[in-house]
Structures are given as structure tokens and as C-alpha cells.
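This report describes selected parts of one structure for a reader who has not met it before. Please look at the sequence and the model first.

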Amino acid sequence: MTSHLYSMLKTRCTPRQVKRVDYEMKPKAGFLSLAEELLFYILSLLPCRDILRCTSVCKALRQTYISSSRLQYIVELNGQHLLPMPNTGDLAPVSQRLQLLRDRAHAWFKFDLYSFKTISIPNIPYGHETFFTDGHFYFWDNMENSATIIPVLPKPSQQIIKRKWSPEALCVVPHSINRNVFIDPGQNLIAVLYYVDDEPETLYIDLRALDSGGIHPRAAGRTLFLSDLLENDDDDLVETTGTSLKGCGRHIALRRVYVISVEDEDGEGISREYILQLQIWDWQHSTTSCSVLSDVMRYPAVGSTDFCFLENNRLLVVIEDLKLYSIEDMSQAPQLLACFLPPLLLSNMQCLFPMDDIEHSAQLQMQARKTMHTPDPTNQLLCLIASDLVFVISTRIFFDLDGVAVATPIPWNQWGPSNTRVLEHPDPFRFKIHVRGNRVLQSFEASAGSIQYKLRLMDFSPLAVMNRRGLGRVVKEPSTIDIAGSFGSSVVSLTTSLPYVEVVSDRRFHKLQNIWLERDRIYLLNTVWEYTVIHGSVRDLTGLTRRLEAIDL
């Protein structure tokens, strides 16, 4: 036991830490005769799983663990993939913080969807994109070129922003037409992608403060300028077919898909080439950018592309495969770190990875929320929606890159099965899903062929089995989904085994327009069917209303 623990220390601790332990052990009769404070120090250097493994095979170490609230707190934070906040000042005793952390984790397994608060929201036409971030609900009406943001049950220390922009107010540039809107309440930022009507392929990004509408005080300038497109002849027709705008901290990124149409030499046909361009700005320091990716799309008809920030300096781009880039040096193009091959050709892709919990600095988080811990950005969940499936992926694979050769793509069977759980998600317009930290919320048919839906919550954190306290269903065994191959190829069987605990609510819904997970709440944008009773028991559908429901945990 002692030699096993010592070997773990040598592989997981710094040489200085190993030297101290080695020095303390030499004059003693044995490892277990060390002072309890030193045993605690040694165990605290180990990862959560190794601490629990050591305490499960040695009674003395088990007693050290049970008698130390601080050691249990370290394990609880690690097991929920959280990081302690530094310099938090006078806090509650460790034992109280430990119990609070466990109780909050347990609350997710007994969530009650029947107990909710209704928040008044404007009428939202069905099909419009809706968003929830940093305690605010917002949507952009791309038909009317208007946007609305409202606070939802704000906390006393939270900055409150409530505004509605008309087409003229959303972008003040004359004769401009808006393509996308990105809003970050945590940074008091609104970014609007637009073009001027006589130059539809020349795009700009307008930056303003959410509360005042003026120039953002931390922005390098009012407008972000795009780089030129790939070289093409003047006679070629260039048309932008899709755009999306995302941000994380000091970075804003624009995904742009455009097609270049070239007339054949004989004049009898037109060839088309689809290009993906991704440009990233450090909007607080420059209005231009050299951080640009361009790639030819080989299968534009099969599906879309998407991207997401994994932290302030890493970017994941999904096109035919999953490419991980470093954007730490903004003076050059993003640098490829690794390439992960998917198990099949993916289509209709969407990346879900909310960043508002971890994108702001620790000091801002601490001042605003007095929080004692924050999510570990290297140990979260990413949801990749593609091909009627959801790939729930542990982000640890994108940070544990020791021994990974940049030039060699990593096959699915080396990274996917043990770090992923694949779920069926046949129609993103009917079925909704959201991810936050290590939890996933998904809607599904109440029964085969039903027009009603239910919700299930899945917790993928290592300590979910302990914190559920008998609630929910533990899923450790691998699951297999058979997928029909593309273009007549054979069936592909996907077997994945990322473990989780599942809780299913018995409440039924007719239609959910969207769902969100927050730190301590669930939000549902619910469509309620209104009936009028006629002739006794016969009901006549008279209308639909949409309401935002908040479920506290």
C-alpha cells in the first residue's frame, strides 16, 4: 500500500513535494506513523479518485479522511469538477461549505418541474432563436431586425439590463441590414453583424454598451473590420450563405460560409466552391485581426459547420472533423493543437458549450456573486448535435494532450467511446437539449408516437452516484446506437460508455420552444395550449401562449 501511494506521488506531484515527503518519511518507522497533518497534506496532493482509492484500502487513511472536513471538501470540489475561488476572505467553516456543496448537488436529483415561477416575456414568433445567459433572456427577430433583452429573477448583486431595440436602434449605420446579434450581459456588450445594402458582401461588426447604447468603454473601437475573402477573380460571383457570431471574454469570433460561383470556360455551366472562414478578434485591443482560418468545404450539401470556445485561449472547430486550436497569440492564425476524427460523416451540426460561468475573471465573479467556487473549464461537458444524435463529450480530452502529434488525426476508437455518451436526438426542432457544467437536460417523447414530451436530467460528474442519495438511475454500462451509413455505406454501430446518473420528470409538455440550465435554476420556454370547453366535455383549441418558467433548486 505504501509503495503504491509513493509511486502515485512521484508521478503526480512536483519533485519538491516528493522530496519533502521523502524527507519526512526517512526518520520514521513507517508511512502510517507520520503525523496526521502530514498524512492530510500528502493525500491532498492527489486527485479525487486516488484519494478515495487510498482510503478504501487502508483503515488509517480512511480515518484521516473521515476526520478531515477540509480533505472531504477537496474531494467534493474535484468530484464535481469545480475550482475553489482564491482570496475569498472570511467564509463559513469548511464543514458548512462541504454540506452546502453536497446539498446543492443532491437538489438536482429531486427537481420539481411542477413548482415554478412564471416570467412575463414579449410575444415571440415560433422559430426565432432564443438565448439565456448570465441571468438574462434575449431573442433576436431576424424578420423585423429587432432585439429584446430582459432580466429574469435577478439577484440583488446582479447588474440588470432591460432593453428593446428597434431596427433603427439596433444598428445606427445608415442603410445597414443586420445579419446576427451577440449579447453578453456579463460584459455589458452587444455586437451586431451588419452590411450596407449596396455592398452585401462587405460585413462589419458594431460594438456597443448594452446599458447606454454608446461605445463600449473597454472596446478598442466602435467597429470590427473583416479580412478579405480568399483571392478570386473579379468576374466570380461571391455570396454569403451563412453566418454566426459568438464571444468569450476578450474574444469575438465570426463564422462565415460563402460560395464562389465560376462560369465554365465553355460558358455552358457554373462551378461552385463553398468556403468556411472563421475570424477571431481581441475586441478590447484591436479592431482588426490576423487570426483567421479558411477552409474549403467538401460536403456543403451534407451539413453545416460550427465552433465554440473551450476557454479564453482555445477554440474547437467542427466541419468534417473536430479541430482544436490555440488562439493565445492573436498576431497569427490559430495554431492547430489536435484533430479528432468522428465515427461517421456528420451533418446539421451545432456545438453547445455555455461559457458565461467561466469566461469572466475570478475577481468579477467573486465581487458579483460572492461565490466560493467556479467550474473547472478543463473538465466540463460539450454537446455536439449532429446527424439526429447528441454527442455528450468530456472536455478533458481537449486539454490532456500529452503525447498527441498535431499532424496525426486521432481516430474515434482512441478518444470517443470512453469519453463520450451518444444519445438519440432525432429532430432538434421538436426535441430540445441544454448543457451546463457536468449536467445535461433533454426533452424526449413521453411515449412512442406521442405529441407530448418529458424531460430528463443527466449528471456526469464523478460524485453523482454518491450525491444522488438513492435517487435516479445509475448508467454505467455501455450503450450502442446503430446508424445507417451515408451514401449507401454499411451500418455504423456507436458504443459509448461515459457514466451518468439520470432523473426523469413525470410532468408532460405539449411543446417546449427552448430549455436552459443555469447554476441553480432550470428555465423552460413553454408553449401552453388554450382550450374552450364546448358541449360539456368537448374542448376546442383557441390559441397558444408562450411563457418562461423558472424552477429553483
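L382 in strand β21 has I393 as its bridge partner in β22. The model that shows this pairing is predicted. β21 and strand β22 (residues 389–394) run antiparallel and are joined by six bridges. Together β21 and β22 make a hairpin with two residues between them, and in the turn S387 has a positive phi of about 55 degrees.

β21 also pairs with strand β19 (residues 350–352), again in the antiparallel sense, over three bridges. Here C351 has L384 of β21 as its bridge partner.

In a regular strand, side chains alternate between the two faces of the sheet. Both faces of β21 are covered: L381, C383 and I385 are buried on one side, and L382, L384 and A386 are buried on the other. Six of the six residues of β21 (residues 381–386) are buried, so the strand is largely enclosed by the rest of the structure.

Another group of strands forms an open sheet with antiparallel pairing, in the order β3-β4-β5-β6. Its edge strands, β3 (130–133) and β6 (163–165), each pair on one side only. From one strand to the next the twist averages 15 degrees. Within this sheet, Y138 has I149 in β5 as its bridge partner.

The strand pairs described with a bridge count are listed below.

| Strand pair | Sense | Bridges |
|---|---|---|
| β19 (residues 350–352) and β21 | antiparallel | three bridges |
| β21 and β22 (residues 389–394) | antiparallel | six bridges |
| β4 (residues 136–141) and β5 (residues 146–151) | antiparallel | six bridges |

Turning to the helices, α7 (residues 94–107) has 14 residues and reaches 20 Å from its first C-alpha to its last, close to the 20 Å expected. Its buried residues are V94, R97, L98, L101, A105, H106 and A107. These buried residues pack against α6 (69–79), β1 (82–84), β20 (373–375), β25 (439–445) and α11 (464–467).

In α6, the buried residues are L71, Q72, Y73, V75, E76, L77 and G79. H81, just after α6, takes a positive phi of about 55 degrees.

A last site is K454, in strand β26 (residues 453–459). How far away is the nearest side chain of opposite charge to K454? That side chain is D506, 6.9 Å away, and K454 is buried yet has no salt bridge. Apart from neighbours within four places in sequence, K454 is in contact with Q442, S443, F444, A446, V504, S505, D506, R507 and R508.

Terms used: Residues are numbered from 1 along each chain as its sequence is written. This is a predicted model: local features need pLDDT of at least 70, side-chain atom pairs count only at pLDDT 80 or more; totals for chains, interfaces and linings use all residues. Side-chain values use heavy atoms; hydrogens and water are left out. Helices (H or I, at least four residues) and strands (E, at least two) are DSSP runs, numbered from the N terminus. The expected span of a helix is 1.5 Å times one less than its number of residues. Buried means under 20% relative accessible area, exposed over 50%, partly exposed in between (1.4 Å probe, protein chains only). Contact means heavy atoms within 4.5 Å. Lys and Arg count as positive and Asp and Glu as negative; His and the chain ends are not counted. A salt bridge is a side-chain nitrogen of Lys or Arg within 4 Å of a carboxyl oxygen of Asp or Glu. Two strands pair if DSSP finds at least two bridges between them. Axes are lines fitted to C-alpha atoms, for helices over the stretch in contact, and angles run from 0 to 180 degrees between N-to-C directions.
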